[in-house]
Structure formats: C-alpha cells, structure tokens
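Visitor: Hi, could you walk me through this one? I'm new to reading structures.

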Amino acid sequence: MSTYLSLNYHLVFSTKNRAPQINAEWQDRLHEYLGGTVNGLGGTSQGVGGVADHVHLLVALKSTHCLADFMRELKKVASIWVHQEIGKADFGWQDGYGAFTVSP
C-alpha cells in the first residue's frame with residue numbers, strides 16, 4: 001500500500017499587541033513574501049491574506065514538518081523582512097499562532 005497525506009493548515013498570527021502595523025501600501029508585498037517563504041521552507045502556499053493586524057495562510061505541509069519549528073521560522077524571517085525591506089524597526093509578531101487542519 002502506498003502512503004497518501006493531505007496535511008492542509010489554516011494558519012493565523014497577529015502583530016504584537018494586535019497593533020495595526022501592516023500598512024496597506026506594503027501589505028501585498030508581505031503576503032507575497034510569506035507565500036514564498038512557505039514554499040522555501042518546503043511547504044506549499046495555497047493562499048495568503050489578512051488585514052492590518054493579522055495574517056491568514058492556507059498551506060500544505062509534509063509529514064516531516066514540525067509545525068512549531070515551521071511557524072517559528074516563518075514568523076522570524078517575516079519580521080526580518082519587514083525590518084530590512086520596509087524599514088519598520090518596531091514591527092513584531094505576537095507570541096503564538098492559530099493552526100487549524102482543513103480538508104482540501
């Protein structure tokens with residue numbers, strides 16, 4: 001018997017203190033960066049969106065992914081990107097996240 005996995009997650013995480021730090025002028029760039037980072041970490045980005053104080057991602061992960069490690073790296077590199085590319089030194093993500101399994 002062959003193995004079949006469908007590990008789809010709806011991920012949600014917010015800015016520090018839910019402050020509206022994600023400006024509409026660069027929001028699309030952040031979403032694109034998050035999607036590319038998901039792919040770079042070995043997942044598959046199926047959609048990224050959000051508003052000024054949080055983001056939503058639909059991703060497919062492999063069985064070898066550890067969700068906590070994946071989220072830590074995703075949030076870390078996204079913060080670095082905002083600091084370097086947008087120049088917003090005070091930007092940060094709130095501790096924690098929501099992760100919900102969803103059907104394809």
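Visitor: Let's start with Lys88: is Lys88 buried or exposed?
Guide: In between: Lys88 is partly exposed, because its relative accessible area is 24%. Buried means under 20%, exposed over 50% and partly exposed in between, with a 1.4 Å probe and protein chains only. Keep in mind that this is a predicted model, where local features need pLDDT of at least 70, side-chain atom pairs count only at pLDDT 80 or more, and totals for chains, interfaces and linings use all residues. Residues are numbered from 1 along each chain as its sequence is written, and side-chain values use heavy atoms, leaving out hydrogens and water.

Visitor: Which residue forms a salt bridge with Lys88?
Guide: Asp90 does, with the closest N and O atoms 3.8 Å apart. A salt bridge here is a side-chain nitrogen of Lys or Arg within 4 Å of a carboxyl oxygen of Asp or Glu. Asp90 itself is exposed, at 56% relative accessible area.

Visitor: And how many salt bridges are there by that rule?
Guide: Four. Another one of them joins Arg72 and Asp69, at 2.4 Å from N to O. Both sit in helix 2, three residues apart, which is about one turn of the helix. Helices (H or I, at least four residues) and strands (E, at least two) are DSSP runs, numbered from the N terminus.

Visitor: Is Arg72 buried or exposed?
Guide: Arg72 is exposed, since its relative accessible area is 53%. Asp69 is partly exposed, at 40%.

Visitor: New topic: which residues of helix 1 are buried?
Guide: Gln27, Leu30, His31, Leu34, Gly35, Thr37 and Val38.
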